[in-house]
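Subject: Handover of a structure and notes on its features

Dear colleague,

Please find below the structure for your review. My notes follow it, and I would be grateful if you would read them with the model open.

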Amino acid sequence: SFVGCIFSHWTDAKDGSGTRYENQQTVSKLKGATKTGETITLYAQWIYPYTVIYDKTFDDATGVIAPNVFDYSTWVSLPSTGFERTGSTLIGWSRDKTKAQAGIAEFGLGESVINLPADKADAVTLYAVWSEQIAVTSPLSPTIAIDAQGTPTPDTSTFFESSTTRPVTVSSVNCVPVNTTPGTSSVFTNPNQWQDIRFALTPEGSTTSTNIYLEGDGDRPLNWTVPAKTDSATGKLKVTFALKRDPTLEIAYNTEAVPVAKMSFVFALAEVK
């Protein structure tokens, strides 16, 4: 016997290569024997087994994945299914629970791995890594008023609101005119001036505004962060929307609010450092 190992089979090569013979196998002539009475050495081959235990990481996840027994120095494939979690997608595995909770995967689903336990321990736990589905509400209709003197009053009551358990990055925004009636042309009557109209977006706590042009600006990077929700409240980021205009801008006044710009925001889970 060999402490900590299990006998597997015999071979006629010490390194495990060569012809394989099972324990108690009946043979008529061993490979390499050239005459009766010749001595042939067979070498015992051992496996070093270890158990892999799969943990869901979070109590609200469901499913069962039975433990696997693998052999050191043998490549094996990790499971790709078996656990489920409402609002999240299983994306991989980690030997570190803290990293798993933060969404950092050490191994991918179905990835081939070898020698998982440290120091040839007899067991290792792999924690499920989840990618949470982002649930953020953008400011739906910030309203900027323009008085009779042409002075715009910013909307200071708009929020991004998140019910995601991790911080969410507002990574970029795209702005286009509203080509319906009523629409952009109902307020800004000269389309040739639209490329000069810009909206200044300022997140709470920042002294720097991002200028978003009404037309022809493409995607604008933002890199804002909406806080994660807590047990008692959603995460909120207050953003001020203001209009920046040239004094020569041609404006038609309306008694009701008119949609003049459509902004599309891109969100991503904030990077865990």
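Helices are DSSP runs of H or I with at least four residues, strands are runs of E with at least two, and both are numbered from the N terminus. On that basis, I104 lies in the loop between helix 1 (97–101) and strand 10. Please note that this is a predicted model.

Overall form

The protein chain has two helices and 22 strands. Its radius of gyration is 32 Å, whereas a compact globule of 273 residues would have one near 19 Å. Along the principal axes, the C-alpha atoms fill a box of roughly 115 × 40 × 30 Å. Of the 273 residues, 32% count as buried. The accessible surface comes to about 16,200 Å², and carbon and sulfur atoms hold 49% of it. Among contacts with a separation of 6 or more, 69% are between residues 24 or more positions apart. The chain carries 21 positive and 28 negative charges, and the mean positions of the two sets are 7 Å apart.

The nonpolar cores

Which residues touch the most other members of the largest nonpolar core? They are F160, F188, I197, F199, L201, W224 and F265, in a core of 25 residues. Strand 17 (168–177), strand 18 (198–203), strand 20 (220–226) and strand 21 each give two or more residues to this core. Apart from it lies another core, of 19 residues, which includes Y50, V52, W93 and A128.

To return to I197, its contacts beyond four places in sequence are F188, I212, Y213, L214, L243, K244 and L249. F188 is also on the list of residues that touch the most other members of the largest core.

K236 and strand 21

K236 lies in strand 21, which spans residues 235–244. Is K236 buried, partly exposed or exposed? Its relative accessible area is 46%, so K236 counts as partly exposed. Outside its neighbours within four places in sequence, K236 is in contact with F159, F160, E161, V226 and P227. With F160, the C-alpha to C-alpha distance is 5.6 Å across a sequence separation of 76 residues.

F107, I104 and their surroundings

F107 is found in strand 10, residues 107–108. Its relative accessible area is 11%, and F107 is therefore buried, the cut-off being under 20%. Leaving aside neighbours within four places in sequence, F107 is in contact with L78, G92, W93, R95, V113, L116 and L126. One of these, W93, is among the residues of the 19-residue core. F107 and L126 are 19 residues apart in sequence, with their C-alpha atoms 9.3 Å apart.

I104, in the loop before strand 10, has a relative accessibility of 35% and so counts as partly exposed. Ten residues separate I104 from S94 in sequence, and their C-alpha atoms are 7.4 Å apart.

Q45 in strand 3

Q45 belongs to strand 3, residues 43–47. Its relative accessibility is 13%, so Q45 counts as buried. Beyond four places in sequence, Q45 touches I6, F7, S8, H9, T11, A13, K14, D15 and G16.

Backbone geometry

Most residues other than glycine have a negative phi, and most peptide bonds are trans. The following sites may therefore merit your attention when you inspect the backbone.

- The peptide bond from T181 to P182 is cis, with omega near 0°. P182 is found in the loop between strand 17 and helix 2 (184–187).
- Q24 has a positive phi, near 65°, and is a residue other than glycine. Q24 lies in the loop between strand 2 (20–21) and strand 3. With a relative accessible area of 75%, Q24 is exposed.
- N115 is not a glycine either, yet its phi is positive at about 50°. N115 lies in the loop between strand 11 (112–113) and strand 12 (123–132). Its relative accessible area is 31%, which makes N115 partly exposed.

Yours sincerely

Technical notes. Residues numbered from 1 in each chain as written. Predicted model: local features only at pLDDT ≥ 70, side-chain atom pairs only at ≥ 80, totals over all residues. Heavy atoms only, no water. Rg over C-alpha atoms; globule rule 2.2 N^0.38 Å. Buried < 20%, exposed > 50% of the residue type's maximum accessible area, 1.4 Å probe, protein only. Contact = heavy atoms within 4.5 Å. Areas by Shrake-Rupley, 256 points an atom, 1.4 Å probe, with all protein chains shown as cover. Lys, Arg positive; Asp, Glu negative; His and termini not counted. Charge placed at Lys NZ, Arg CZ, Asp CG, Glu CD. Core = buried A, V, L, I, M, F, W, Y, C linked by side-chain atoms within 4.5 Å.
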